[in-house]
Amino acid sequence: MKIVISGKGGVGKTTISGTLARLFAERGYSVIAVDADPSMNLHSAIGVENPTPISQLKELINERAVIAPGMYNLNPRVDDIPERFSAVRDGIRLLVMGTVEEAGQGCLCPENTFLKAILRHLVLKRRELLILDTEAGVEHLGRSVAENFDLMLVVVEPGAKAITMANRLAKLSREIGVRQVYAVANKVASEEQKDFIKQELDIEVLEAIPYDKAVVEADIKNIPLIDIKTESPALKKIVQLSEKIEELAGR
Ligand SMILES: Nc1ncnc2c1ncn2[C@@H]1O[C@H](COP(=O)(O)OP(=O)(O)O)[C@@H](O)[C@H]1O
Ligand SMILES: [Mg+2]
């Protein structure tokens, strides 16, 4: 199953992506976690060092994805990339995209071509899972890296901006052929906030995760949420979320 995690900046995408990766790995899945955010911090939510970002492989990309100046091979060879340029930790392989320069809308930079090819090339078997953590907003959808993914989770926090963004993302995800889209409410501090989110969203909320000091504590200590020793209500809900995702995958 290929899952993309999207939403406004700061809503909790990376925390949730990294925690889901760890939870699925614990359950025996082979997880490929892909960090498509130029700030490259998914590794800390998983608890692994960053590998070389793909975008830094300029020579290799030019060799394989550029035919002539301005002419790109849309099907470059990428089969060796996940193995060669990823960080590994029990059951998880982390791939980091790095900074891809955007030259205006619909840019077909070789890095983008390359990145899309990698995601397309990863054909997953049973009990394999791809989790794509994205940059805030809709830019990654402009590049449509998540084309034909099975599931988009749009993370939303209580607030008008996050909700507007979430509704936009849900619409876009359908346009690029993502098969299922659900919202995940995060940093929810009351029933009223949860109701507010449910009311304003055009899509179903798969799980509501509470605002939780333990998440902040993990962030301060720079350790993955799943490794925090204190009781974490947010972690409990992310576990429930992972079970619901498994149900969706089984359908
Ligand atoms: N449920 C939560 N309760 C409290 N703080 C949270 C929660 N989820 C995320 N945060 C905090 O919000 C900030 C942004 O989270 P992050 O996962 O980096 O978001 P994004 O990847 O969407 O930008 C971090 O400081 C994180 O610790
Ligand atoms: Mg992030």
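**Figure 1. Surroundings and backbone of R127, a residue that counts as partly exposed.** In this predicted model, R127 has 13 other C-beta atoms within 10 Å, which is why it is classed as partly exposed (a residue is buried if 20 or more other C-beta atoms lie within 10 Å of its own, exposed if 12 or fewer, and partly exposed in between, with C-beta atoms placed from the backbone). R127 belongs to the loop between helix 5 and strand 7 (128–133), where helices (H or I, at least four residues) and strands (E, at least two) are DSSP runs numbered from the N terminus. Phi of R127 is positive, near 60°, although R127 is not a glycine. Most residues other than glycine have a negative phi. Residues are numbered from 1 along each chain as its sequence is written, while chains are lettered from A and ligands numbered from 1 in the order in which they are written. Because the model is predicted, local features need pLDDT of at least 70 and side-chain atom pairs count only at pLDDT 80 or more, whereas totals for chains, interfaces and linings use all residues.

**Figure 2. Loop residue N222, with a positive phi.** The phi of N222, likewise a residue other than glycine, is near 60°, and N222 sits in the loop between helix 9 and helix 10 (233–250). N222 counts as exposed because it has 9 C-beta neighbours inside 10 Å.

**Figure 3. Helix 5 (residues 110–121) and the elements it packs against.** The 12 residues of helix 5 should span 16 Å at 1.5 Å a residue, and the end C-alpha atoms, being 16 Å apart, agree with that value (the expected span is 1.5 Å times one less than the number of residues). Helix 5 is mostly covered, since 9 of its 12 residues are buried; among them are P110, F114, L115, I118 and L119. The partners of these buried residues lie in helix 3 (58–65), strand 3 (66–68), strand 4 (71–72) and helix 4 (81–84), contact being taken as C-beta atoms, placed from the backbone, within 7 Å of each other.

**Figure 4. Strand 7 and its parallel neighbours, strand 1 and strand 2.** Strand 7 is mostly covered, with 5 of its 6 residues buried. Strand 1 (residues 2–7) pairs with strand 7 in the parallel sense over 4 bridges, and K2 has L130 in strand 7 as its bridge partner. Strand 2 (residues 30–35) also runs parallel to strand 7, joined to it by 6 bridges, with D35 partnered by D133. Two strands are said to pair if DSSP finds at least two bridges between them.

**Figure 5. Strand 9 beside strand 8.** Strand 8 (residues 151–156) and strand 9 run parallel and are joined by 6 bridges, in which M152 is the partner of V181 in strand 9. Strand 9 is largely enclosed by the rest of the structure, because 7 of its 9 residues are buried.

**Figure 6. The shell of residues around ligand 1.** Of the 17 residues around ligand 1, those that come nearest are G12, K13, T14, T15 and D219, a residue being near if its C-beta atom, placed from the backbone, lies within 6 Å of the molecule. Two or more residues of this shell are given by each of helix 1 (13–26), strand 9 (180–188) and helix 9 (213–221). By class, the shell holds 6 nonpolar, 7 polar and 4 charged residues (Ala, Val, Leu, Ile, Met, Phe, Trp, Tyr, Cys and Pro count as nonpolar, Asp, Glu, Lys and Arg as charged, and the others, Gly among them, as polar).

**Figure 7. Helix 1 and the glycine that follows it.** Helix 1 is mostly covered, as 13 of its 14 residues are buried. The 14 residues should span 20 Å at 1.5 Å a residue, which agrees with the 20 Å between the end C-alpha atoms. Helix 1 is followed by G28, whose phi is positive, near 95°.

**Figure 8. A234 in helix 10 and its contacts.** A234 lies in helix 10 and counts as buried because it has 25 C-beta neighbours inside 10 Å. Leaving aside neighbours within four places in sequence, the residues in contact with A234 are I209, P210, D212, A214 and V215. The C-alpha atoms of A234 and A214 are separated by 7.9 Å, although these residues are 20 residues apart along the chain.

Terms used
Two residues are in contact if their C-beta atoms, placed from the backbone, lie within 7 Å.
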